[in-house]
Amino acid sequence: MATDDDEVDPAAGIVNPRLSDVFGLVIRQDEVDFVVPHLREDLPLYLDPFLLWKSEDPQYRQLHADLLGFVEEVRRQAVGGQATRAAMLLSEVSEPVELGLGYAAGTKRGSALGPGTIDGIIRTFQQVPQLQTAGLDHLEILALLVPGIAEDRISDLTASVIKRWLAEFTQRHCQQWGIPTTRRRLVGWDPAALDWRPFDAHLPYNPSDGSPVLLAPLNLLRRLPWINYGDYYRTAYAPLVLPPGRTGRAVAKQDVLAYNQAHFDTVRGYVAEREAAADVCAPDPLFTPLRLTTIAKKVKEVKALPTGRVNGADKKFEDLAFDVLSSALYPELDLAGQQERTISGAHIRDVIFHNDGKTPFLTDLRNLYGARQLVFELKNVAELDTEHVNQLYRYLDDDDMGRLGILVARHPPKSSVQRNIIDLHSSKRRAVLCLNDSDLELMVALLDSGRRPIEALRKKYVEFTRMLPK
């Protein structure tokens, strides 16, 4: 039984909720220079320190200098006989869960550098002759020398050292966008003191669990650092070390790292090549839609599919429709995710989008139907029936999903089903739109003519409203 003390999770019922969703804010991702934070899942992106290094912004270049200052202090302590002090400095490095970056699916989690990784960094500084006398020009080089250091740890090191600046960046944007904040105490690197120091900041928070949130700048994010192990292996190590014709052979990473420690000049040469190609290093976008030709090909595959479940046709339809909708409707609708549910034994697959009201039409859907998210239910059936409509109808609500949903099937609904949809709207003010193969073809035609496929959805909505009783 619920009590007065029970707290309602404001993110409950929202698919892949974002900070803006739970506070009722409209923050369009395409209008801001930070990632609108997702509250339950990490984004598969990392802070790339190379973007600080190549920037012409003096502030970014100073942040890179601070980053190297931290690494240099660790190196200096390690080679100066103060390994314990070096280990203490590294022990403060951890994955900043406040940023929500990484590959944690279904959860947000973080961990600190383990003792083995810390020991590996210290021994590398002590054992590589070139590093006994000089420091690193790029933090990412550690990933080419130390076991346990990969792109996630490079991002963690970067975020930990520049956390003070990230907090300031977050505070500025919270004031600008009216994002609620609370006072928090964090620990950040103090470049002047060459040590970690606590500091206070006013940060937004996840209302589900109260945890603080940091905003990640879009122009510092990549899926892989520009200097990374995989690229080094393919372009530097394999051509130089492996016999001709066998460069595709897989060599254990620990053996490659051992080679790098003994042949540090090879690493230096690779890094110099990456620096020379810095002009083509750019941040990665949050979402890359499929090209028009690919979308058109997938729509043709949809039209060629039989209806029903034979030979997995239903699954193929769902996969193809997901790909088409998620790309064609972007950027007006941002993909929130997909989910499967079962009602009365019937398998149902939904594609769900965040609706930030990016067009007047989508704003109308938010205002008229509370549609902060739009659900597209995929049906590879020869004919929609009333139960299909009712299944979606029961899923709609006033609180989270809103009162408008879209059925995506193969053919237009018959007149009796359409009458049921109109009757449901008249009694409960909930709307169900029906798309079919021809609407997917229309999206392709709109894209091909330079127009936006969201117009196909608007057209369907206008047709629906014209059928409503006056």
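Which residues does G188 touch, not counting residues up to four places away in sequence?

## Surroundings of G188

In this predicted model, G188 touches S160, R164, D195, W196, R197 and F199, once residues up to four places away in sequence are left out of the count. The glycine itself lies in strand β2, and with a relative accessible area of 0% G188 is buried, since buried means under 20%.

G188 and V93 stand 95 residues apart along the chain, and their C-alpha atoms are separated by 9.5 Å.

## Aromatic pairs

Strand β2, which covers residues 182–190, also holds W189, and this tryptophan forms an aromatic pair with F70 of helix α3 (residues 58–79), so that the pair, by the comparison of sequence positions, links distant parts of the chain, 119 residues apart. The geometry of the pair between F70 and W189 is edge-to-face, with 4.9 Å centre to centre and 80 degrees between the planes. Both partners are placed in the same class of accessibility, F70 being buried and W189 being buried as well.

The structure holds 17 aromatic pairs. Elsewhere in the chain, ring pairs link four tyrosines, Y229, Y233, Y237 and Y259, into a cluster.

## Packing of helices α4 and α5

Two packed helices are described by the angle between their axes and by the distance between the axes. For helix α4 (residues 83–91) and helix α5 (residues 115–127), the axes come within 10 Å and cross at roughly 130 degrees. The two helices are therefore oblique to each other, and α4 passes α5 in a right-handed crossing.

On the side of α4 the contact is made by A83, A86, A87, L90 and S91, while α5 contributes I118, I121, I122 and Q126. Sorted by character, the residues of this contact between α4 and α5 divide into 7 nonpolar and 2 polar, with no charged residue present.

## A buried lysine in helix α18

K460 has its place in helix α18, which spans residues 454–467. Its relative accessibility is 14%, and because buried means under 20%, K460 counts as buried. When residues up to four places away in sequence are not counted, K460 touches L433, C434, L435, N436 and D439.

## Backbone features in loops

The peptide bond from Y330 to P331 is cis, and its omega is near 10 degrees. P331 has its place in the loop between α13 (313–328) and β5 (334–343).

Positive phi values occur at L194 and N311, neither of which is a glycine: phi is near 55 degrees for L194, and about 55 degrees for N311. L194 lies in the loop between β2 and β3 (195–203), whereas N311 lies in the loop between α12 (292–304) and α13. In accessibility, L194 is partly exposed, with a relative accessible area of 31%, while N311, at 69% relative accessibility, counts as exposed because the class begins over 50%.

Notes
Residues are numbered from 1 along each chain as its sequence is written. This is a predicted model: local features need pLDDT of at least 70, side-chain atom pairs count only at pLDDT 80 or more; totals for chains, interfaces and linings use all residues. Side-chain values use heavy atoms; hydrogens and water are left out. Axes are lines fitted to C-alpha atoms, for helices over the stretch in contact, and angles run from 0 to 180 degrees between N-to-C directions. Helices (H or I, at least four residues) and strands (E, at least two) are DSSP runs, numbered from the N terminus. Angles under 35 degrees count as roughly parallel, over 145 as roughly antiparallel, 65 to 115 as roughly perpendicular and the rest as oblique. A crossing is left-handed if the near helix is turned anticlockwise from the far one by less than a right angle, and right-handed if clockwise. Contact means heavy atoms within 4.5 Å. Ala, Val, Leu, Ile, Met, Phe, Trp, Tyr, Cys and Pro count as nonpolar, Asp, Glu, Lys and Arg as charged, and the others, Gly among them, as polar. Rings of Phe, Tyr and Trp (its six-membered ring) pair if their centres lie within 6.5 Å; planes under 30 degrees apart count as stacked, over 60 as edge-to-face and the rest as tilted. Buried means under 20% relative accessible area, exposed over 50%, partly exposed in between (1.4 Å probe, protein chains only).
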